[in-house]
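Visitor: I'm at home at the bench, but less so with structural models. Could you show me how to read pockets, cavities and helix packing?

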Amino acid sequence: MKAIAITPSVAGVKLVERDEPRVEAEDDIKIKVLRVGICGTDREEDAGGRAQAPSGQQDLVIGHEMFGLVEETGGAVTRVQKGDYAVFTVRRGCGNCLPCLMNRPDMCRTGKYTERGIWGQDGYQTEHVVDKEQYIVRVPRDLESVGVLLEPLSVSEKAIDEAVRVQSARLPDFQSTPLWLFGKRCLVAGLGPIGLLAAMTLRLRGAIVYGLDVVDSSTTRPQWLTAIGGQYVNGKTITPAQLGNTTGGMDLILEATGVPLVELNLLDALGDNGVYVLTGIPGGDRPLQIDGAEIIRRLVLKNQVMLGSVNAARDHFQMAVEDLQSAMRSWQSLVQALITHRYTPGQSTQAFESHEADEIKTVIEWSETS
Ligand code: BGC
């Protein structure tokens, strides 16, 4: 079968041949891959950045945002059956620490996890994949057109969930609003798929959503944000400090830019007792000069929390399924419009390397391959 692979540290993707995987264990599930999304992490891998091949292999099959059809299950599988739509999660645990033993490899304590398509395990940009039942999430039929968005949405879900849990544990007034996010000022920075999906989730929870990017307000992504009731903030004309002053400061900031200077400057928009969750993973290692004392002073004097969030557990995928269904009920055509570009596996170089202004999510369509 065909697969799209990279050689870590070498730029460029290539089509390779792989043996079709088989159901061998009782809890194995085989999926026919229908489509797989491409994100910033994939593009970085394609550019020769962060990636690791499975041990003993030179190449890594990439792709971690999958969506497919269950084609065969081992005898003990109960969560899905043949003909269901489903996705597999991304991270596989180290097998040693408590979070991993609890199927929470997203919180692995040893760092010895693997990630399909990114770190030490082949990914999903291929025709068929097999994995264990504990990593499967069944996708309802009404999400067929948008199920490929579940992985990036799960990353946003985890980030929001973490922020809300932290606030629930420490804010004396948390209980006064049963749904804490309702009416809260939330800023999403970086309006790529993670940012837009986070904005969507926050709107579903009734938050006042600001979305920051540096593109013209007439372009696709700000327009999408406005259509779901968010307010666009052009970072070229408004600084985070001005935004903080004019709005009274954010209760929650979710960062998805991966640009270190922006990530730090955003603290200027955070209000008293605010929570700031970072999801962007900066590439490169250019040193940054910052006013450390001022940052620390503000965090302390304003009771602010800054936390990092990576990856997502099965439960976050489950939350993503529920929110994607709610979003489809409110904004079906908008949600579908998030998938802007579709390519065949044979067009993978173009898919990974072209970046058009109106692009939100690019996917590779595998369904017509076999
Ligand atoms: C993926 C996560 C992964 C992270 C770090 C992101 O693009 O969505 O699943 O944990 O990269 O490798």
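Visitor: Let me begin with the second largest pocket: how many nonpolar, polar and charged residues does its lining have?

Guide: Happy to help, and please keep in mind that this is a predicted model. To read a lining, sort its residues by class. Here the second largest pocket has 5 nonpolar, 4 polar and 5 charged residues in its lining. In total, 14 residues line this pocket, and its volume is about 250 Å³.

Visitor: Which residues lie nearest the centre of that pocket?

Guide: Look for Met1, Pro21, Arg116, Asp122 and Val130, which lie nearest the centre of the second largest pocket. You can also ask which element gives most to a lining. For this pocket the largest share comes from strand β10 (residues 128-132), with 4 residues.

Visitor: What about closed spaces? How many cavities of 30 Å³ or more does the structure hold?

Guide: A cavity differs from a pocket in that a probe placed inside cannot get out. The structure holds 1 cavity of 30 Å³ or more. The largest cavity has about 60 Å³ of space.

Visitor: And which residues line the largest cavity?

Guide: Following the chain, you meet Thr89, Val90 and Arg91, then Asn103 and Pro105, then Gln134 and Tyr135, and finally Asn311, Ala312, Ala313 and Arg314. By class, that lining has 5 nonpolar, 4 polar and 2 charged residues.

Visitor: Now to the helices. At what angle do helix α3 and helix α4 pack?

Guide: For a helix pair, read the angle, the distance between axes and then the residues that meet. Helix α3 (residues 150-170) and helix α4 (residues 193-204) pack at about 55°, and their axes are 9 Å apart. That angle makes α3 oblique to α4. Their crossing is right-handed. On the α3 side, Pro152, Leu153, Val155, Ser156, Glu157 and Ile160 take part, meeting Ile194, Leu197, Ala198, Met200, Thr201 and Leu202 of α4. This contact is made up of 9 nonpolar, 2 polar and 1 charged residues.

Visitor: How is α4 set against helix α9: what are the angle and the distance between their axes?

Guide: α4 and helix α9 (residues 314-336) pack at an angle of about 115°, with 10 Å between their axes. The pair therefore counts as roughly perpendicular. This crossing, too, reads as right-handed. Met200, Thr201, Arg203 and Leu204 of α4 meet Asp323, Leu324, Ser326, Ala327, Trp331 and Val335 of α9. The classes in this contact are 6 nonpolar, 2 polar and 2 charged.

Visitor: That leaves α3 with α9. How far apart are their axes?

Guide: The axes of α3 and α9 are 8 Å apart, and the packing angle is about 105°. So α3 is roughly perpendicular to α9. From α3 come Leu150, Glu151, Leu153, Ser154, Glu157, Lys158 and Asp161, which meet His316, Phe317, Met319, Ala320, Val321, Asp323 and Leu324 of α9. By class, this contact has 7 nonpolar, 2 polar and 5 charged residues.

Visitor: Which residues of α3 should I look at for both partners?

Guide: Leu153 and Glu157 of α3 are among the residues that meet α4, and Leu153 and Glu157 are also among those that meet α9.

Technical notes: Residues are numbered from 1 along each chain as its sequence is written. This is a predicted model: local features need pLDDT of at least 70, side-chain atom pairs count only at pLDDT 80 or more; totals for chains, interfaces and linings use all residues. Side-chain values use heavy atoms; hydrogens and water are left out. On a 1 Å grid over the protein atoms alone, a cavity is a set of points where a 1.4 Å probe fits but cannot get out, and a pocket is an open set with protein on both sides within 12 Å along at least five of seven lines; lining residues have an atom within 4 Å of a point. Grid points are joined across faces, edges and corners, and a volume is the space filled by probe spheres set on the points. Helices (H or I, at least four residues) and strands (E, at least two) are DSSP runs, numbered from the N terminus. Ala, Val, Leu, Ile, Met, Phe, Trp, Tyr, Cys and Pro count as nonpolar, Asp, Glu, Lys and Arg as charged, and the others, Gly among them, as polar. Axes are lines fitted to C-alpha atoms, for helices over the stretch in contact, and angles run from 0 to 180 degrees between N-to-C directions. Angles under 35 degrees count as roughly parallel, over 145 as roughly antiparallel, 65 to 115 as roughly perpendicular and the rest as oblique. A crossing is left-handed if the near helix is turned anticlockwise from the far one by less than a right angle, and right-handed if clockwise. Contact means heavy atoms within 4.5 Å.
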